[in-house]
Amino acid sequence: MSTTGATADPLAALGSLPGVAESVESVRKAVDRVYGHRIMRRRGNEITSEAALRGARGSAALSGADWALEEVRRRTDFSADDEARTVGAALRLTAEAGQLLSIWRQSPLRVLARLHLVAAAEQGEEVGRPRQSGEQVDEPLVKLPLPDANEVAGRLEGLSQLIIAGGAAPALVTAAVVHGELIALRPFTSQNGLVARAAERIVLIGSGLDPKSICPAEVGHAELGRAAYLAALDGYVSGTPDGMAAWIAHCGRAVELGVRESAAVCEALQRGAA
């Protein structure tokens with residue numbers, strides 16, 4: 001995404017793209033409904049914990065580790081193979097995201113570095129910092145053209161400035177742009193998809209749209225499927241108004257499906273309490 005141009009608030013300008021306002025309103029209504037569920041008043045912490053688990057499972061699935069929810073729930077060792085490490089990374093990121101909200105608006109690049117460190121869970125000079133010229137990226141499921149290190153640095157700085165400056169953009173728009181930009185750039189040598197989806201979660205929570213983190217967009221992204229996810233990302237990378245609007249709408253639909261998941265959890269808990 002270009003962060004320069006005639007408008008002083010390019011994120012807010014995206015809200016005027018065709019269909020985006022409708023997506024924003026639809027997401028807001030869906031979120032309000034689940035927050036109004038009566039089980040939330042008594043068992044909100046349980047809903048938050050379950051949403052975190054399901055969100056981590058969804059994010060891992062999009063990165064190639066499509067485990068059943070009960071397998072994620074029961075497993076304690078996440079070091080056996082690549083899929084297990086991916087699931088473990090997704091779980092760690094989900095737990096970490098809520099601890100970084102106060103830092104995000106002041107230093108988003110610091111938060112992104114921390115997310116990569118948590119996801120990678122290993123030592124190495126390339127961990128916890130943007131990749132440098134000549135370093136390879138391990139992100140085999142994303143086939144988009146890879147920007148060079150100089151472009152990555154410039155666009156990350158531009159994104160950081162937009163977040164710090166704030167503005168009038170709806171939370172959905174900001175979250176979608178953060179997510180899309182991080183996948184487009186793949187700024188780290190590994191785990192970029194997991195980091196991008198964790199950053200999307202941070203925006204949705206920190207913006208006040210989903211303060212209790214009960215609307216896991218990652219669930220929706222996984223449910224919509226990897227093919228649709230990558231096709232929507234193509235639209236984001238194109239930079240065209242239609243492509244950007246389609247990506248934002250895709251992210252909105254993912255949030256709504258995450259809401260539906262948590263609403264079903266609420267209903268199940270209510271039936272159990274009856």
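Here are some worked exercises on a predicted model, each with a task and a stepwise solution.

**Exercise 1: the cysteines**

Count the disulfides in the model, then work out why Cys 266 has no bonded partner.

Solution.
- Start with the count: there are 0 disulfides here.
- Next, take Cys 251, which is in no disulfide; its nearest cysteine sulfur belongs to Cys 215 and sits 15 Å away.
- Now do Cys 266. The closest cysteine sulfur is again in Cys 215, at 9.5 Å, and that is too far for a bond. The cut-off to hold it against is 2.5 Å between the sulfur atoms.
- Finally, check exposure. Cys 251 is buried, at 0% relative accessible area, and Cys 266 is buried too, with a relative accessible area of 0%.

**Exercise 2: the largest pocket**

Find the volume of the largest pocket, say which residues lie nearest its centre, and identify the helix that gives the most to its lining.

Solution.
- The volume first: about 660 Å³.
- Then the lining, which takes in 33 residues. Those nearest the centre are Asp 82, Thr 86, Asp 138, Ser 190 and Gln 191.
- Map the lining onto elements. Two or more residues come from each of helix 5 (82–97), helix 7 (108–120), helix 10 (192–206) and helix 12 (226–238).
- Rank the contributions: helix 5 gives the most, with 6 residues.
- Sort by chemistry, and you get 15 nonpolar, 8 polar and 10 charged residues in the lining.

**Exercise 3: helix 12, one of the pocket's helices**

Compare the span of helix 12 with the expected value, then work out on which side or sides of helix 12 its buried residues sit.

Solution.
- Helix 12 has 13 residues, and the distance from its first C-alpha to its last is 18 Å. That's close to the 18 Å expected at 1.5 Å a residue.
- List what is buried in helix 12: Tyr 229, Ala 232, Leu 233, Gly 235 and Tyr 236.
- Because these residues cover an arc of only 150° around the axis, they are on the same side of helix 12.
- Look just past the end of the helix. Gly 239 follows helix 12, and its phi is positive, near 75°.

**Exercise 4: positive phi without glycine**

Ala 121 and Gln 191 aren't glycines, so what sign does phi have in Ala 121 and in Gln 191, and where do the two residues sit?Solution.
- Ala 121 has a positive phi of about 50°.
- To place Ala 121, look in the loop between helix 7 and helix 8 (149–165). With a relative accessibility of 52%, Ala 121 counts as exposed.
- For Gln 191, phi is positive as well, at about 60°.
- Gln 191 is found in the loop between helix 9 (171–185) and helix 10. Gln 191 also turned up in Exercise 2, among the residues nearest the centre of the largest pocket.

**Exercise 5: the enclosed spaces**

How many cavities of 30 Å³ or more does the structure hold, and which helix gives the largest share of the lining of the largest cavity?

Solution.
- There are 2 cavities of 30 Å³ or more.
- The largest cavity holds about 50 Å³ of space. Its lining is made of Ser 59, Ala 90, Leu 93, Thr 94, Leu 194, Arg 197, Ala 198, Arg 201 and Glu 218.
- Helix 5 and helix 10 are the elements giving two or more residues to that lining, and helix 10 has the largest share, 4 residues.
- By chemistry, the lining of the largest cavity splits into 4 nonpolar, 2 polar and 3 charged residues.
- On to the second largest cavity, with about 40 Å³ of space. Among the residues lining it are Arg 201, Cys 215 and Glu 218.
- Here the elements with two or more lining residues are helix 10 and helix 11 (217–224). Helix 10 gives the most to this second lining, with 3 residues.
- The second largest cavity's lining comes out as 5 nonpolar, 1 polar and 3 charged residues.

**Exercise 6: a loop residue and a long distance**

Place Leu 146 in the fold, classify its exposure, and give the distance between its C-alpha and that of Arg 42.

Solution.
- Leu 146 belongs to the loop between helix 7 and helix 8.
- Its relative accessibility is 43%, and Leu 146 therefore counts as partly exposed.
- Leu 146 and Arg 42 are 104 residues apart along the chain, and 47 Å separates their C-alpha atoms.

Definitions and conventions:
Residues numbered from 1 in each chain as written. Predicted model: local features only at pLDDT ≥ 70, side-chain atom pairs only at ≥ 80, totals over all residues. Heavy atoms only, no water. Buried < 20%, exposed > 50% of the residue type's maximum accessible area, 1.4 Å probe, protein only. 1 Å grid on protein atoms, 1.4 Å probe; cavity = no way out; pocket = protein on both sides within 12 Å on 5 of 7 lines; lining within 4 Å. Points joined across faces, edges and corners; volume = space filled by probe spheres on them. Nonpolar A, V, L, I, M, F, W, Y, C, P; charged D, E, K, R; others polar. Expected span 1.5 Å × (residues − 1). Arc of directions from axis to C-beta.
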